[in-house]
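Reader: Hi! Could you walk me through this one, starting with the ligand and then moving on to the sheet?

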Amino acid sequence: MAKAAILGYGTVGSGVYDVLTKNSARVAESSGEAIGVKYVLDLRDFPGQPVEKVLVHDYEQIVSDPEVSVVVEVMGGLKPSYDFVKRALEAGKSVCTSNKALVAEYGPELLETASRHNVLFLFEAAVGGGIPIIRPLRDCLSADRIDRIAGILNGTTNYILTRMEREGSTYDQMLADAQSLGYAERDPSADVDGWDACRKIAILSSIVTGKQVRYQDIPTEGIAKISREDMRYASEWGMKIKLIAAADFTAAHVSCHVAPTMIGKDSQLYYVDDVINGVHVHGDQVGDLLFTGAGAGKYPTASAVACDVVECVRSAGLPKRNLTFAGRAQLLPEDEEQTAAFIRIPQTQLDAARKLLPVEKEIHGVAPGEAGISVSAMRVGDIKAAAGKLDAIRVLRMA
Ligand code: HSE
């Protein structure tokens with residue numbers, strides 16, 4: 001029997017424990033051998049719960065136990081996760097994690113460490129929760145050139161935006177709901193300010209390019225400023241506002257951003273609501289693909305982590321093939337990107353706007369004293385400059 005250890009018995013950790021124990025027959029069938037959870041590491045005690053039998057408080061016990069071949073890191077954050085993961089890999093143990101912060105920050109180094117020690121460093125759950133997206137990009141699409149990925153990669157913000165749109169509810173009420181359902185990060189600003197989606201698109205872009213796309217270099221805007229008026233403008237045009245993380249790949253560079261975006265019914269992402277995530281991938285041979293499913297939550301995320309554990313056990317004794325993020329990808333400066341946009345301006349600036357911008361559509365009367373305009377695709381730098389001159393109230397990308 002293969003032995004695994006789980007670091008962290010929070011929402012995801014307890015989910016992984018449950019999946020590996022409750023679905024043990026299915027897991028054994030897929031892995032080629034049974035997998036037992038030998039240790040669960042947590043600072044807390046869980047008196048009376050089955051996990052009590054395997055609970056430990058000292059990481060040394062895990063890292064020094066040669067019987068443990070797979071370590072599952074689901075604590076989140078960078079400290080002490082990074083040290084624990086690095087030491088596990090150096091001790092010859094494969095690591096599976098759902099921790100996108102860890103992968104976005106230390107991915108290249110941890111993948112290289114894993115390969116050096118002939119073990120695996122896997123993170124299917126770090127992007128899109130339960131949706132298989134990393135394996136498809138790594139394995140199923142390896143003969144395609146991927147030229148675009150656009151996704152709703154954060155469940156919390158999609159949940160908040162969906163309910164704001166349907167119920168006209170406030171942002172604060174919906175955030176509290178998302179937290180109580182276990183969707184939100186420990187620090188919810190990671191969700192609402194777009195950093196969680198930013199790390200995820202950085203990871204997907206790194207997989208596509210084989211180079212590191214630094215999340216710190218990706219222009220990122222969250223949803224905290226999105227108001228009921230913005231929602232009303234979108235619905236007047238039969239559109240929705242979604243937090244979109246997108247990357248376009250050319251031979252020369254990657255252009256990548258995270259931003260609240262108005263999207264219409266012609267986009268498959270329009271139909272991705274609630275906590276559901278959706279990832280649209282375009283490959284030059286396969287065409288358009290859409291991956292959707294639960295992007296957050298205990299069991300969807302645990303399902304993806306457990307699948308990584310199965311891959312680790314199944315590959316015992318075989319040479320290990322990790323992803324590589326070698327060197328840095330070249331990012332196009334945001335101002336050079338092209339996008340269509342929606343702009344709210346004071347009514348008094350309408351004539352000026354018509355002269356300055358390629359206005360396509362106008363809308364009046366949604367909010368007093370202002371107008372909404374849409375402009376066809378142009379340089380982001382030029383949109384920003386025009387918005388400044390026109391005292392714009394809100395600028396949103398349109399897709
Ligand atoms: N807070 C994240 C989300 C959890 O809402 O999508 C999954 O990464």
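Reader: Happy to dive in: which residues are around the ligand?
Author: Keep in mind that this is a predicted model. The ligand sits in the largest pocket. The residues around the ligand there are Lys-100, Asn-154, Gly-155, Thr-156, Tyr-183, Ala-184, Glu-185, Asp-191, Asp-196, Lys-200, Gly-295 and Ala-296.

Reader: Nice list! How many residues of that shell are charged?
Author: The shell can be split by residue class, with three nonpolar and four polar members. The remaining class, charged, has five.

Reader: Which helices each supply at least two residues of the shell?
Author: Two helices meet that mark. They are helix 7 (155–167) and helix 10 (195–209).

Reader: I care about polar contacts. Which side chain has an N or O atom 2.6 Å from an oxygen atom of the ligand?
Author: Let's go through the contacts in turn. A nitrogen atom of the ligand lies 2.8 Å from a backbone N or O atom of Tyr-183, and a ligand nitrogen is also 2.7 Å from a side-chain N or O atom of Asp-191. The contact at 2.6 Å, to a ligand oxygen, comes from the side chain of Lys-100.

Reader: And how much of the ligand's exposed area does the protein bury?
Author: On its own, the ligand exposes 260 Å². Of that area, the protein buries 93%.

Reader: On to the sheet: which are the edge strands?
Author: Six strands pair in parallel to form an open sheet, ordered 3-2-1-4-5-6. An edge strand here pairs on one side only, which applies to strand 3 (55–56) and strand 6 (121–122).

Reader: Last one: which residue in strand 6 is the bridge partner of Val-95?
Author: Strand 5 (residues 94–97) runs parallel to strand 6, and two bridges join them. The strand 6 partner of Val-95 is Phe-121.

Methods. Residues numbered from 1 in each chain as written. Predicted model: local features only at pLDDT ≥ 70, side-chain atom pairs only at ≥ 80, totals over all residues. Heavy atoms only, no water. Near = heavy atom within 4 Å. Polar contact = N/O pair within 3.5 Å; in protein donor to acceptor, adjacent residues only side chain to side chain. Areas by Shrake-Rupley, 256 points an atom, 1.4 Å probe, with all protein chains shown as cover. 1 Å grid on protein atoms, 1.4 Å probe; cavity = no way out; pocket = protein on both sides within 12 Å on 5 of 7 lines; lining within 4 Å. Sits in = over half its atoms within 2 Å of the grid points. Helix = DSSP H or I, 4+ residues; strand = E, 2+ residues; numbered from the N terminus. Nonpolar A, V, L, I, M, F, W, Y, C, P; charged D, E, K, R; others polar. Pairing = 2+ DSSP bridges.
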